[in-house]
Amino acid sequence: RREMTLDVSDVVVGASRVISFFVDNSGKQEHNKSRYDPTQEDTHMELMQGRPVDETGRLEKEIRVYDLLDSLGIEYARVDHEAAMTMEACHGADEAMGTRMCKNLLLCNRQKTSIFLLMLPGEKVFKTSVLSKEIGSSRLSFADGELMERFLDITPGSLSVLGLMNDRENRVQLLIDEEVLTGEYIGCHPCINTSSLRMKTEDLINKIIPAMSHTIQVVTLERS
């Protein structure tokens, strides 16, 4: 049995401080049309407040995110950007957002009966065997794109904690490494990787996640 050790080189990066990892069996990706031209020398990204004024061309799943946040009275900032899939491509969004760098991993057990969304610092290396033991699960591996779409209505490359709003049967369990909770702000995609949102960590924990009818299991992952 091969033990998996994960570090930031294992992930595909979304253009925000939250990094989305996936294993895509279908090869399907979905994104809005890029809202700025990355070939231009000036790729400065504007930090905007709240939802876009013009929602033309935005996917329904993205609009649902804004509807949820607005219904809860959540203050959030937004950056629109290209569908970045490398760390280099997300530097502009990093600077504009100013949020704590973390990554999202969708994991499952061998039988695919238990699905976990794990949020942890982007630079952290950990062993899946350690996480499995901490949460009392059998050996974990990466969930494929089909599971991501089925339970979170998110295509690979756009993995986000906000996708839990689409998990109405509570099939996905949310795990958050304790280090992620120490930052004042957190960044995530609005279920699509051509925009990134910044919101207060306390709002995510105390308002948004409960509104999505999910709970949090805080985990302590020692750095390998």
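Start by selecting aspartate 153: just after helix H4, this residue takes a positive phi of about 55 degrees. Keep in mind as you click around that this is a predicted model.

Now step back into H4 itself, residues 145-152. Color Gly145, Leu147, Met148, Phe151 and Leu152, which are the buried residues of the helix. Turn the view until you look down the axis of H4: the buried residues fall within an arc of 160 degrees, so they line one face of the helix. As a reminder, an α-helix has 3.6 residues a turn, so residues three or four places apart point the same way.

Next, go to the N-terminal end of H4 and show the side chain of aspartate 144, which caps the helix there. One of its side-chain oxygens sits 3.2 Å from the backbone nitrogen of glutamate 146.

Time for the sheet. Select E3, E4, E11 and E10: these four strands, in that order, make an open sheet with antiparallel pairing. E3 (48-49) and E10 (185-188) are the edge strands, each with a single partner, so one side of each has no neighbour in the sheet.

Zoom in on E3 and E4 (residues 76-80), an antiparallel pair joined over two bridges. Pick glutamine 49 and look across to alanine 77, its bridge partner in E4.

Last, bring in the helices that lie on these strands. Helix H1 (residues 60-71) lies across E4 and E11 (195-200), at about 15 degrees to E11. Then select helix H5 (residues 201-211): H5 lies across E10 and E11, and runs at about 85 degrees to E11.

How values were computed. Residues numbered from 1 in each chain as written. Predicted model: local features only at pLDDT ≥ 70, side-chain atom pairs only at ≥ 80, totals over all residues. Heavy atoms only, no water. Buried < 20%, exposed > 50% of the residue type's maximum accessible area, 1.4 Å probe, protein only. Arc of directions from axis to C-beta. Polar contact = N/O pair within 3.5 Å; in protein donor to acceptor, adjacent residues only side chain to side chain. Pairing = 2+ DSSP bridges. Contact = heavy atoms within 4.5 Å. Axes fitted to C-alpha atoms, helices over the stretch in contact; angles between N-to-C directions.
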